[in-house]
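Here's a walk through one protein model, written for someone who would rather look at residues than read statistics. Keep the structure open while you read.

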Amino acid sequence: MQHPKSTRYNLPNYIFMPLSVTRERVVSAEQKLLESFPELHTRFVVGEQGEIRQWTDMSMPIPVVSRKCTEEELQAYINDGFVRPFDPLGSEPLFRVEVVETEKDICLLSDGFHGIVDGMSFAPILTTAFATIFEGGSVEPQPYGLYQAAEDEVATFGTPLYQRAKAYYAEKFAGKEMATLSHAQSGTIGQMGRYKAIVSRNVCDDWCSEHGVQPNLLFQAAFGHVMSVLTRQEKVAYTTVNHGRMDKRLRSCVGMFVKTVPILADAAPSQRVIDFVRSQRAELMSTIRYAAYPFTHFCSDLQMKPGMMFNFMAVANMEEYTMVDGVKTRAVQPVRNETGSDLCVDIYLKDENYEIRVESSLAMNDADTLQMVAEAIRVAVCNMMAHPELTLGELNIVSDEERDALIQLGAGEHLDIR
């Protein structure tokens with residue numbers, strides 16, 4: 001870890017439930033859940049050759065803190081207190097749980113070290129397991145999981161499959177750098193900033209169905225086009241992630257399986273919008289075809305530093321809620337105190353909308369930049385749907401109101417010359 005005292009490696013999650021579920025039932029269910037997933041008891045150690053090794057230590061208890069406080073005190077604790085750095089080489093658990101009762105709600109607070117859990121570990125795996133246990137059910141142990149998958153991945157290094165993927169990326173990204181809008185050094189720690197914009201889910205889904213594409217391709221195309229315009233680069237290199245669970249044996253496994261993968265968007269201004277949207281599928285498929293080559297090796301071999309990232313998280317089983325006693329309870333991913341991330345755009349489902357969530361270290365991209373990017377992507381998505389036959393060079397990424405304001409601003413004062 002480059003920043004051991006940073007919360008950039010935390011993955012906090014809060015679920016608010018009605019008082020009717022009772023704090024005691026939530027604590028009991030959470031204790032059983034922790035016993036059901038050995039991966040949450042992971043420890044790390046540095047081996048004799050400097051390699052990092054991991055194993056399950058079921059003798060290490062993960063306490064479930066149970067307490068009462070006021071709603072005001074809870075919100076203050078959520079904002080500053082609960083999310084604390086993890087020490088992956090220390091003796092403390094790398095997963096924390098608290099159940100807090102206020103005058104309004106029962107709040108289940110969870111926080112995991114990102115080295116042992118990923119987004120899918122929380123939603124849907126742990127949230128679904130919690131609901132199952134809460135209703136009196138149980139979770140079946142997984143015959144194949146995190147540790148076996150890690151060993152199998154290492155065994156592929158140096159194989160023909162690995163070498164083919166390495167050669168593919170070396171040729172494709174030769175002379176390229178990961179795109180960024182920031183002038184700060186990569187990984188600069190700062191307060192985490194977030195800005196959101198929304199687009200109607202029904203409108204997007206209907207348009208995609210009509211044109212034979214998926215919503216993830218539409219949003220990825222909008223991101224690529226916006227970044228091409230803002231960076232003034234026709235070919236834009238950035239990263240995305242895949243869930244790392246292509247092996248069906250891992251679909252219900254807790255762990256850190258997410259894989260960062262490089263993307264190269266060819267946003268030539270002469271392309272039609274609909275053609276550019278459709279082209280995103282081939283780019284995504286290539287990340288699966290050449291998945292044997294890890295991103296850490298990619299960065300080391302090509303001397304790359306991570307830049308901007310785009311992720312489409314708006315799939316049904318990743319919606320941020322769980323059902324408890326028949327009640328839909330909203331889960332929240334809070335803004336962490338600090339991060340070293342460059343610009344990251346995530347698309348989530350929220351009720352009847354797609355939520356464009358733009359985050360960054362404010363030491364790398366300021367709040368105005370986050371707002372500008374979110375709005376530009378929203379406008380690009382809407383304009384792509386409205387004008388699929390236009391070329392990218394003809395497509396606006398500012399609204400009509402913003403365009404008129406810019407024209408007015410650029411017009412200056414009218415002077416009569418005689």
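What follows covers the cores, a few buried polar residues, some salt bridges, a helix pair and two odd backbone spots.

## Before you start

Keep in mind that this is a predicted model. Numbering starts from 1 along each chain as its sequence is written.

## The nonpolar cores

Let's begin on the inside. The largest nonpolar core has 47 residues, and the members that touch the most other members are L218, F219, V345, I356, I377, V381 and M384. Helix α10, residues 367-386, supplies the largest share of this core, with 9 residues. There's also another core that lies apart from this one: it has 35 residues, and V21, V64, F86 and I116 are among them.

F219 is a handy place to zoom in. Skipping anything up to four places away in sequence, F219 touches V199, C204, F310, F312, I347, Y354, I356 and V381. Two of the names on that list, I356 and V381, also turn up among the residues that touch the most other core members.

## Q220, a buried glutamine

Right after F219 in the numbering comes Q220, which sits in helix α7 (residues 215-231). Is Q220 buried or exposed? Q220 counts as buried, because its relative accessibility is 3%.

So what does the side chain of Q220 make a polar contact with? The partner is the side chain of Q280, at 3.3 Å. Leaving out neighbours within four places in sequence, Q220 is in contact with Y238, I263, Q280, L284 and F310. F310 is worth clicking on, since F219 touches F310 and Q220 is in contact with F310 too.

## How α6 meets α7

Helix α7 has a packing partner in α6. In general, a packed pair of helices is described by the angle between the axes and the distance between them. For α6 and α7, the angle is about 105° and the axes are 9 Å apart, so these two helices are roughly perpendicular to each other.

On the α6 side, the residues that do the meeting are C204, D205, W207 and C208. On the α7 side, they are P215, L218 and F219. L218 and F219 are also listed with the residues that touch the most other members of the largest core.

## Salt bridges

The structure holds 16 salt bridges, and three of the pairs are described here. Start with R23 and E101, whose closest N and O atoms are 3.0 Å apart. R23 lies in helix α1 (residues 23-36) and E101 in strand β5 (residues 95-101), so this pair ties together parts that are 78 residues apart in sequence. Both R23 and E101 are buried.

The next pair stays inside one helix. D205 and R201 form a salt bridge at 3.7 Å, N to O. Both are in helix α6 (residues 201-211), 4 residues apart, which is about one turn of the helix. D205 is partly exposed at 26% relative accessible area, and R201 is partly exposed at 24%. D205 is also one of the α6 residues that meet α7.

Then there's R272 with D275, where the closest N and O atoms are 3.0 Å apart. R272 is partly exposed, with a relative accessible area of 30%, while D275 is partly exposed at 33%. Which residues do shared partners join into one network here? They are R272, D275 and E389.

## E30 in helix α1

Helix α1, home of R23, also holds E30. E30 is buried, because its relative accessible area is 3%. Beyond four places in sequence, E30 touches V64, V97, L108, S110 and F130. V64 is one of the 35 residues in the other core.

For a sense of scale, pick A184. The C-alpha atoms of E30 and A184 are separated by 42 Å, and the two residues are 154 apart along the chain.

## Two loops with positive phi

Most residues other than glycine have a negative phi. Q303 has a phi near 55°, a positive value in a residue that isn't glycine. Q303 lies in the loop between α9 (295-302) and β10 (309-312), and Q303 is exposed, with a relative accessible area of 68%.

D351 isn't a glycine either, and it has a positive phi of about 60°. You'll find D351 in the loop between β14 (344-350) and β15 (353-361). D351 counts as partly exposed, at 40% relative accessibility.

Note on methods: Predicted model: local features only at pLDDT ≥ 70, side-chain atom pairs only at ≥ 80, totals over all residues. Heavy atoms only, no water. Core = buried A, V, L, I, M, F, W, Y, C linked by side-chain atoms within 4.5 Å. Buried < 20%, exposed > 50% of the residue type's maximum accessible area, 1.4 Å probe, protein only. Contact = heavy atoms within 4.5 Å. Polar contact = N/O pair within 3.5 Å; in protein donor to acceptor, adjacent residues only side chain to side chain. Salt bridge = Lys/Arg side-chain N within 4 Å of Asp/Glu carboxyl O. Axes fitted to C-alpha atoms, helices over the stretch in contact; angles between N-to-C directions. Parallel < 35°, antiparallel > 145°, perpendicular 65-115°, else oblique.
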